[in-house]
Structure formats: structure tokens, C-alpha cells
Amino acid sequence: MSMTDIIDLGMLVLLSIFELSACLRYLSRLDGWRYRKCGSIAVFIVSVAANTVLMIVFREFTHSLVYLLPSGLVIFGMVYGLCQINITNAYYHTVIILLSTRFLRYVLGDILIGYTGDISYLNGADVGIRFLSGLGIFILFSISLGIVGKYTCKPHAKAIPIRRLITLSILAFALICLNDFVMEGLSPLYGYGNPRSFMTTMALFELICGFFGLIIGIGNESMLLSAERETELTQTRFLMREQLQQYKLQKETADRIAEYYHDLKKHINALKTLKSTDLRAEYLQELEADINKLNYVCKTGNETLDIVLTDTLFACEQKGISVQFSVDGTLLSFLALVDIVTIFGNALDNSIEAVEALPQDQREISVYSSKTGDWLVLRFENPCNKVLNEKNGMPVTTKKDAGFHGIGLTSIRHAVERYGGHLHWSVVNNRFILDILFLDP
């Protein structure tokens, strides 16, 4: 390997560092960004090496889709490796990064080729020009990603819908194909005998494509946030109705306590007058049943969770289902109210549907929370006498068996993964167990 080859390789590595460093600034704004010294550095080094290899292999085709696809895989790997986000969100931000940067890279390359007569970072071109071109890419990428990052780096309440990802991918693909088509169409018109005029025209067109790429990314994000705000509004309205219901319940409970206090002497006198032991026991049993109904207002330390659990208690009482709650709501303060409703509402609804058809002595639901070291664990349990089939790591159901746990678990998983948590389900000794784990909330 000659000295020129070594310099070429070094400049390619430097260019990769400039490109991916600008992407790091974007990623650091994501809600799922988790910088860990050793692991993050290793991911970045591997990404730089892979990007450098791609530029060597595709040095004559860096404007084409053939180069863009593997380049996108490198960025995807870096995004997924450095951020605690799911695959769909990683793919989404990969497309956003490509739309925001690739055309600017082409613009700078076209200008330098047109005015220097050579690709600035290959074939032994001047080291100073290559360094400046790499610095220029870093500046342009940083500006572009800084603009789009103000809109796209906002946390999402749930995983990005697949339909939205497909739409974004189609628009990005169409824009890239349009750029390639125009480039091929302009070549015969200008001819390569006047490269400066041709490359300047291409630079202007690619600058326009880059602008539309930013518009697509920002517009798509605006629609996502609008849909999420609508969902949150629906959830908020639901909670307001439930809060009103709980207020009415609390007022009714207070009135019932006042009645019992007022009638306490009457109950005592009634018990004294009863001669039969069986009648006394029956009377006391009726009193105890009435008093137990006063315990249907849950107090966990989290108002949103109290509403969900109280609503579940009433539903279970009507269906003859025994319920055991041992949840410290103060540990869930890091969860958005929408996610609390999503996690507990869906999990408890699934449990109720699963046990309401069982014999009376098997109708029971248990919910626990515990803190072990850096882990917060939520566990939902209920009897399960049927065999659950599994698909993509989740239990599946059919219309004939609509009470099983496939329904709603996907929504729970999306809410849990938003906080870097994990969901695990199992069936042990004819009991369905759903564990949700959050690390150091």
C-alpha cells in the first residue's frame, strides 16, 4: 500500500467520522438516548469502519440507490445500538437522517467536482480540500439535523405506526429515485464536456430535493404528534369521566359511613334482642358485606392508578371475581397517565375476560408491584386452563377465544418499551403470569 493509498484511507475515515458525528448530535436529543462510555464508543467505531468500507466499495456509485441502502443499514445499526428504542422507531429516525443529509452530501460533492475536477475525498485529491469538504459535511449535516431534530426528536407516547413508516419510506424512495432520474436525464443535455455547468445544475436540484426531504420529515412528525395528541385527549376525557365517577363513589361512601355511625346503636340493640345464634351470625354477615363495599376506593398513592383499580374492583365485584391488589403507586410517578391507563387497563381487562367464564372458585386476579435493586417489577396473575399459542413472542387469540391475552398486550408492550422496559409472559401451573420490568425508573 502506497503513501497515497494510506492518505486516501485516512481521509475516508475522517470523512466517516465527520458524517456520523453530526448524526450523534441528532441522536443525543432522542428520548431513548443512553450514552455508555465503552459500549457507545465501540458502536461508533464499528459504524465508522463500516461506512468507510462502503465508500471504498461504492466509490463510483455514491449518488445511487445501490450505495444508499447499505449506508442506511450502517446508520440504522448506529441508531439502534446507541438508543434504547424499538426497531420501528430506529428505522424511522434512520429514514429521517437519510432524508436530512444525503442530498446535502450530494450538493457539496457536486460543487467540489465541478470546480476542482475531482471527487474531493478520493483518488489522491488535495488533502486540504478533502479535510475542508469533510468539515463542510459536518457543518451542513449538523445544521440540517438540528433543524429537523427540533421536530422529530420529541418523545412518542407509543411506537410509530407501521402505516406511517411505509408512507415515509415510499416518499423517501420516490424522492431519491426522482433525483437519480433527473441526474441521468440531464447528463445527455449538458454532456460531461462542461462538468461545471452540469454539476452546478445538479447541485441546485439536489438542494431542492434536500429541502423537500426536510419538509417530508417534519410534516410526517407533525402528523404523528397530532395523532398522539388526539389519543391523549381521548384518554384524558376518559380519566375525567372516571374521576367524576370516583368522586361520586367517595361521596356515597362518606354518606354510608355517616349512616352506619348514626345507626350504630340501633344495630347493637338489634343484635341484643336476637335470641338465636344463627340469626346473630346472619345479621353480622350482612353488616360485614355492607361494610366491605365501602372498601372499593383504592388508595395507592397514584391518582390515575387509583381510578383504574377502583373501576376494576367494581367490575370484578359484579362478576364475582376475587381481586388482590398490592401496588405502590408512588413508584409509578415516572409513567405518563396515558401509559398507566394503557398498561393497567389492558392487563386487567385481559385478566377479567380470561377468568369470568371459569368456575366461581377459580375467578381471581392478582396484581403486585415490587422494587428489587434497580428494577421495578409489575406482576399480573390469573388462572389459565387453556393452551396459549404464540406468535412473534406474544400470545395469540381467535374470535372463539376472544377472552385471551393477545388483545391489548401489543399496546402494553409499546407503552413499556417507551421507557426502555421489558414485558414477559408465561403460563406456570395453570396460571397466566405477565411481568413488566422497568430499569432504574
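This passage describes the overall make-up of a predicted model, two helix pairs, several individual residues and one loop.

The protein contains 12 helices and seven strands. Of its 441 residues, 44% count as buried. Among contacts with a separation of 6 or more, 72% are between residues 24 or more positions apart.

Two packed helices are described by the angle between their axes and the distance between the axes. For helix H1 (residues 3–27) and helix H5 (residues 127–152), the axes come within 7 Å and cross at roughly 15°. Angles under 35 degrees count as roughly parallel, and H1 and H5 are therefore roughly parallel to each other. Their crossing is right-handed. Sorted by class, the residues in the contact of H1 with H5 comprise 16 nonpolar, five polar and four charged.

Within H1, Ser 16 was examined individually. Ser 16 has a relative accessible area of 0% and is buried, since buried means under 20%. When neighbours within four places in sequence are set aside, the contacts of Ser 16 are with Val 48, Asn 51, Thr 52 and Met 55. Ser 47 lies 31 residues from Ser 16 in sequence, and the C-alpha atoms of these two serines are 8.6 Å apart in space.

A buried residue is also found in helix H4 (residues 87–116), at Thr 94. The relative accessible area of Thr 94 is 4%. Apart from neighbours within four places in sequence, Thr 94 is in contact with Gly 72, Ile 75, Phe 76 and Val 79.

Helix H11 covers residues 337–355. Its 19 residues should span 27 Å at 1.5 Å a residue, and the end C-alpha atoms are 27 Å apart, so the expected and modelled values agree. The expected span is taken as 1.5 Å times one less than the number of residues. H11 is mostly covered, with 15 of its 19 residues buried. Leu 337, in H11, is partly exposed, at a relative accessible area of 36%. This value falls between the limits of 20% for buried and 50% for exposed. Between Leu 337 and Leu 305 the sequence separation is 32 residues, and the C-alpha to C-alpha distance is 8.3 Å.

The second helix pair consists of H11 and helix H12 (residues 409–417), whose axes come within 9 Å and cross at roughly 150°. Angles over 145 degrees count as roughly antiparallel, and H11 and H12 are therefore roughly antiparallel to each other. The crossing of H11 with H12 is left-handed. On the H11 side, the contact is made by Asp 339, Thr 342, Ile 343, Asn 346, Ala 347 and Asn 350. On the H12 side, the contributing residues are Leu 409, Ser 411, Ile 412, Ala 415 and Val 416. By class, the contact of H11 with H12 has six nonpolar, four polar and one charged residues.

Val 308 is located in helix H10 (residues 303–319). With a relative accessibility of 9%, Val 308 counts as buried. Leaving out neighbours within four places in sequence, Val 308 is in contact with Val 341, Phe 344, Gly 345 and Leu 348. The C-alpha atoms of Val 308 and Ile 340 are separated by 8.6 Å, although the two residues are 32 residues apart along the chain.

Backbone angles were considered in the loop between strand E6 (422–428) and strand E7 (431–439), where Asn 429 is placed. Most residues other than glycine have a negative phi. In Asn 429, by contrast, phi is positive, near 50°. Asn 429 counts as exposed, at 72% relative accessibility, the threshold for exposed being over 50%. Asn 430 is in the loop between E6 and E7 as well. Asn 430 has a positive phi of about 60° and is not a glycine.

How values were computed. Residues numbered from 1 in each chain as written. Predicted model: local features only at pLDDT ≥ 70, side-chain atom pairs only at ≥ 80, totals over all residues. Heavy atoms only, no water. Axes fitted to C-alpha atoms, helices over the stretch in contact; angles between N-to-C directions. Helix = DSSP H or I, 4+ residues; strand = E, 2+ residues; numbered from the N terminus. Parallel < 35°, antiparallel > 145°, perpendicular 65-115°, else oblique. Left-handed = near helix turned anticlockwise from the far one by under 90°. Nonpolar A, V, L, I, M, F, W, Y, C, P; charged D, E, K, R; others polar. Buried < 20%, exposed > 50% of the residue type's maximum accessible area, 1.4 Å probe, protein only. Contact = heavy atoms within 4.5 Å.
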